Amino acid sequence: MTMPIYMDHNATTPVDPRVVEAMLPCFSEHFGNAASRTHPYGWAASKLVEDARGGVASAVGANPEEIVFTSGATESNNLAIKGISAALKGRRNHVVTCATEHKAVLDPCAALQRDGFEVTVLPVDPNGRLDPERVREALTPRTALASIMLANNETGTLHDVAAIAAICEERGVVVHCDATQAAGKVATDVRSLGVDLLSLSAHKVYGPKGVGALFVRRGRPRLHLVPILDGGGHEQGIRSGTLNVAGAVGFARALAIAVAEMPAEGARVAALRDRLERAVTSRLEAVTVNGDVERRLPNTSNMSFAGVDGAALLAGLREVAVASGSACTSADPKPSHVLIAMGRSRELANASIRFSLGRSNTADEVDVVAEAVVREVTRLRSNSPLWRK
Ligand SMILES: *Cc1c(COP(=O)(O)O)cnc(C)c1O
């Protein structure tokens, strides 16, 4: 079986060979437990972790002691949202988030709601943008936290997190940002964003799966986080558990490469993304590009094809590995909550495809994929009673 062209880099990325190379000595040579203080095996592992911490920190403009290693962005988001809320519970019982956030933010917020917190889920405009003024209106003296992502995983739309954070700071509200899709693709600097907490994941930036980080701002006013995992008190007591040394090393290497190559690779991938959209929209009518085309990730294109069945389209597109605008795990496809929040109909949301490009993609691949999309949409529309012109 020949594998399809991979255009699902927002789901995960292959590990860069330079990252694998950096990780390899951590498995059998430097296998020590970074928490072992009594012998050189532990010291060597600890040194690797601390160097990695410095690398991750410098990739996002943080100080090393502000980086907590986790198992990935799902854990980072949970730790940030539940950890701050638990610390402020009693004094502040309100959390603000946005309708287009990843489930790894929306679900922890829903868990807080079951716990007695009030949760405000802010709407977005048809381009998926959150107006910072909406955040201002939502804040109350009881608001503990606002959790707003930097780049959306489905559409690539970027939020004005710096403006949102400035509003929150005036009101003493802690700001968390899920920057999982932004890091390595667009400038992601914790100080210019002005956030208190920021989530990252290695496997979205050509690093290994199962490792991520949470930036936790130091300094005043002091942030207090209640840990989710109790145990050995690793990571300054915020995240117990033996450190994933190889994962941390790979993560730091992956981020360093992504940041160094960002200007050139961002431009290259944006040109490919634009080539794909041009090829498709110039040959098909009734195609909607979802997201803010002026302010989005360079690698992401989300397109809706009116009058076609999304599942049939995906099934027909055998040449390419992409994500659809629906969770097609059940018989009844559930349309993407992101596209629905942007005001798309169920039908259009289900007839959407996310193309997320990456390092492996070439112009030739883009042409093959565009050809396949045009062919399948044309075929499905010609057979469809939904499509009349
Ligand atoms: C992938 C992703 C996550 C989850 O990250 P994991 O490391 O896989 O847990 C969270 N938020 C966004 C925006 C993502 O794209």
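## Exercises on a predicted model: cysteines and ligand shell

Cys-168 has 0% relative accessibility and therefore counts as buried. The model is predicted.

**Exercise 1.** Determine how many disulfides the whole structure holds, and account for the status of Cys-168 and Cys-109.

*Solution.*
1. The cut-off for a disulfide is a pair of cysteine sulfur atoms within 2.5 Å.
2. The closest cysteine sulfur to that of Cys-168 belongs to Cys-177 and lies 11 Å away, so the two are too far apart for a bond.
3. Searching the whole structure gives zero disulfides. For Cys-109, which is in no disulfide, the nearest cysteine sulfur is that of Cys-98, at 11 Å.
4. Cys-109 has 1% relative accessibility and so counts as buried.

**Exercise 2.** List the residues that surround the ligand and divide this shell into nonpolar, polar and charged.

*Solution.*
1. The surrounding residues are Gly-72, Ala-73, Thr-74, His-102, Met-149, Asn-153, Asp-178, Thr-180, Gln-181, Ser-201, His-203 and Lys-204.
2. By class, the shell has two nonpolar, eight polar and two charged residues.

**Exercise 3.** Find which ligand atoms pair with N or O atoms in the side chains of Asp-178, Ser-201 and His-203, then state how much of the ligand the protein covers.

*Solution.*
1. The cut-off for a polar contact is 3.5 Å between N or O atoms.
2. At Asp-178, a side-chain N or O atom is 2.7 Å from a ligand nitrogen.
3. At Ser-201, the side chain places an N or O atom 2.6 Å from a ligand oxygen.
4. At His-203, the distance from a side-chain N or O atom to a ligand oxygen is 2.8 Å.
5. On its own the ligand has 390 Å² of accessible area, and the protein covers 88% of it.

Terms used
Residues are numbered from 1 along each chain as its sequence is written. This is a predicted model: local features need pLDDT of at least 70, side-chain atom pairs count only at pLDDT 80 or more; totals for chains, interfaces and linings use all residues. Side-chain values use heavy atoms; hydrogens and water are left out. A residue is near a molecule or strand if one of its heavy atoms lies within 4 Å of it. A polar contact is a pair of N or O atoms within 3.5 Å; within protein, one must be able to donate a hydrogen and the other to accept it, and residues adjacent in sequence count only if both atoms are side-chain atoms. Accessible areas come from the Shrake-Rupley method with a 1.4 Å probe; for residues, only the protein chains shown count as cover. Ala, Val, Leu, Ile, Met, Phe, Trp, Tyr, Cys and Pro count as nonpolar, Asp, Glu, Lys and Arg as charged, and the others, Gly among them, as polar. Buried means under 20% relative accessible area, exposed over 50%, partly exposed in between (1.4 Å probe, protein chains only).
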